[in-house]
Amino acid sequence: MGLAIFGKQDGVKGMERYPGRLRLPEDLHNLSIAELEELAEVIRRHMIETVADRGGHLAPNLGVVELALALHSTFKSPRDRIIWDVGHQSYPHKLLTGRWERFHTLRRHGGLSGFPKVTESVHDPFGTGHSSTSISAALGLAEARDQRGERAKIIAVIGDGALTGGMAFEALNHAGHLKSDLMVVLNDNKMSIGTNVGALSAYLDRIRSDPAYSRLKEEFEQRARRVPLVGHRVVDSAEKIRKGLKSLIKPGLLFEELGLAYFGPVDGHNIAALKSAFRQTARVKGPVLLHVLTEKGKGYRYAEAAPERFHGIGPFDLQNGLPRGKKSGLSYTGAFGQTLVRLAAGDSRIVALTAAMTAGTGLKEFASRYPQRFYDVGIAEQHAVGMAAALAAGGLRPVVAIYSTFLQRAYDQIIHDVCMQNLPVIFAVDRAGIVGEDGETHQGIFDLSYLRSAPQMALMAPRHEDELQHLLYTAVQRGAGPAALRYPRDKGEGVGLTEPRLLPWGRGEVLREGDDLLIIAAGPCANAALAAAERLAGVGVEAAVINARFIKPLDEELLLKWARRCGRILTVEENSIVGGFGSAVLEALARNNLALPVKLLGIEDAFVEQGPRDLLLSLCGLDGEGIFKAALTFSSAGISEGVI
Ligand SMILES: Cc1ncc(C[n+]2csc(CCOP(=O)(O)OP(=O)(O)O)c2C)c(N)n1
């Protein structure tokens, strides 16, 4: 058909159907349902093409197009505030709030973030990235609004997956208590990244789909109406029965009991129905929950058929949905997954835990081979670590695989439940270091700092996939106290996997000998350090290179020996330099009264925005070139020979 709202902008990529004649989001209020529906299709197409080109979160965004349109055509952002939980589904919101022209820069360095960000737009009232924070944020904004005597609607949009996170429940509990005016929109697509887990998910499932449940509801209602009301006692009991029946059958009772008025479920792809539900519920005082049913991947058949694969995806071919230009070879994550399956075959004490990231952490094969020894706890990192502690206390060897950035959630459990009781829990800390396009909320650049300060914790970083295997094997065999293994979001170094073998506990490895400078590195940056050392030799600087392997216990003997020999030390790590590996080296030198020049190379005390991993590493000076330059400037030979 082609409605008047679209202006053709020739030559601008991705903007052929740009609604140029609209002021967004204001003019959405003047559009008919048919026009909004047409805009929905244009947004879908634009998102599919953009994500096919550079990767991103697709299925979650395809599921909320009508929801975003209904929200923005009913409420008035930025006065009314919409908080998208996790924020991976905020693309339609971004397109509708002044970011259409920049959408082609999505997830690029210097471009639009893949998540809501306060510095990006006034329409993003609160940044997200980690799950289950939106209701706390909505409650805080609602209270601030009330204290300042302002008028605004505060809306949290949270998925059924994110609702499995404890923080969401804490906030619901408190919202019901405070009775603040706010709206929680439950975007229920029956999925987390993969299958959602737990009783809550089953509960939502019953509300949305179980025909027996609906039948039951009707029967109960009819029966309740037929209860004879004769005499006082009978009336009383009839009332009780009615109330009991109501509590049995009323959908959303769980939320009602928490103090939120429940409405729904509503078809999340029907803009008219959504707008009407928003208008009605907006009139209700106090906290309300509107249950909206959506389909993950809606409108792109490959995403509808495989929503988990299209949750977050690299570039793909539009015509067949197949990945384009994927890095081949075994990744660190893959090496971890394979090794764990292998070790589990010979050790029945090994159990694995994930917090809603079975595929992401490489545990799919383990889950299918050992379903009884595998626990997906939902988006509940704190619980995962607390439970792992108790599994260890019960005599098992739990391996908890959590991304570095999400493990931050469980810091107290790490200290209080695991380390204080010196329990043999193994932490597989995936995505440690620079993660790339997901940006600052997802960079894994703090784990060396936060894990290192936990007493009893051993901390290891392999420099290639085979070493990962050996260190995991070593930690499992040792079985004494907690140990963490951190590795990056990257393909391995191509060395393959040999037989798992024991590595000496707390010992580093000399990769190269030299007298002018000691470069000591943690993790795969030891490889970049080695490459830099070879180049340094070409300009007359002989650098020794140590692969630390253990950040804790640090191999002090090896460090001191080579530090004395070289006279100056360059530390390299893919972590914040605050409290990280370099700090561990400095502490060791101080402990041993060795005063030497030390330079710390790592991530400065700042958040790192999104971009390709390689680019960010180079910007942080953590690639071979950066290490070479830093070493050259720092080495005494470089200075005395005036090579800088
Ligand atoms: C604390 C935390 N743990 C894990 C994740 C990774 N993660 C991102 S989205 C997601 C699933 C969210 O499911 P849901 O809320 O239902 O949204 P949907 O993608 O289904 O729309 C997970 C586990 C995260 N962002 N934060």
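Domain bounds here come from an automatic or database domain assignment. The legends below describe a predicted model.

**Figure 1. The ligand sits in a shell drawn from two domains.**
Domain 1 spans 75–297 and domain 2 spans 332–486. Each gives at least three residues to the shell around the ligand. In total, 25 residues surround the ligand. P60, S131, G159, G161 and A162 are the closest. By character, the shell holds ten nonpolar, eleven polar and four charged residues.

**Figure 2. The whole chain contains 25 helices and 17 strands.**
The chain has 644 residues, and 50% of them are buried. Consider the contacts between residues with a separation of 6 or more. Of these, 77% join residues 24 or more positions apart.

**Figure 3. Five strands make an open, parallel sheet.**
The strand order is β1-β2-β3-β5-β4. β1 (81–84) and β4 (261–267) are the edge strands. Each has a single partner strand, so one side of each lacks a neighbour in the sheet. From one strand to the next, the twist averages 20°. Strands of a sheet pair through backbone hydrogen bonds, in either a parallel or an antiparallel sense.

**Figure 4. Inside this sheet, β2 and β3 pair in parallel.**
β2 covers residues 154–159, and β3 covers residues 182–188. Five bridges link the two strands. One place to look is I158, which stands opposite L186 in β3.

**Figure 5. Strand β8 is mostly covered.**
The strand runs over residues 397–403, and seven of its seven residues are buried. R397, V399, A401 and Y403 point one way from β8. P398, V400 and I402 point the other way. Residues on both faces of β8 are buried.

**Figure 6. β8 pairs with β6 and with β9.**
Strand β6 (residues 350–354) runs parallel to β8, with five bridges between them. Here V351 stands opposite P398 in β8. Strand β9 (residues 426–430) is also parallel to β8 and is joined to it by five bridges. In this pairing, Y403 faces D430 in β9.

**Figure 7. T354 is a buried residue of strand β6.**
T354 lies in β6. Why does T354 count as buried? T354 has 28 C-beta neighbours inside 10 Å, and the cut-off for a buried residue is 20 or more. Leaving out residues up to four places away in sequence, T354 touches T361, L363, D376 and A401. D376 is 22 residues from T354 along the chain. The C-alpha atoms of T354 and D376 are separated by 5.0 Å. Another of these contacts, A401, is a residue of β8.

**Figure 8. Helix α22 packs against helices and strands through its buried residues.**
α22 covers residues 581–591. Its buried residues are F581, G582, S583, A584 and V585. Two of the elements they pack against are the helices α18 (447–452) and α21 (556–566). The others are the strands β13 (517–521), β15 (550–552), β16 (569–576) and β17 (598–603). An α-helix has 3.6 residues a turn, so residues three or four places apart point the same way. Just after α22 comes N593, which takes a positive phi of about 55°.

Key: Residues are numbered from 1 along each chain as its sequence is written. This is a predicted model: local features need pLDDT of at least 70, side-chain atom pairs count only at pLDDT 80 or more; totals for chains, interfaces and linings use all residues. A residue is near a molecule or strand if its C-beta atom, placed from the backbone, lies within 6 Å of it. Ala, Val, Leu, Ile, Met, Phe, Trp, Tyr, Cys and Pro count as nonpolar, Asp, Glu, Lys and Arg as charged, and the others, Gly among them, as polar. Two strands pair if DSSP finds at least two bridges between them. Helices (H or I, at least four residues) and strands (E, at least two) are DSSP runs, numbered from the N terminus. Axes are lines fitted to C-alpha atoms, for helices over the stretch in contact, and angles run from 0 to 180 degrees between N-to-C directions. A residue is buried if 20 or more other C-beta atoms lie within 10 Å of its own, exposed if 12 or fewer, and partly exposed in between; C-beta atoms are placed from the backbone. Two residues are in contact if their C-beta atoms, placed from the backbone, lie within 7 Å.
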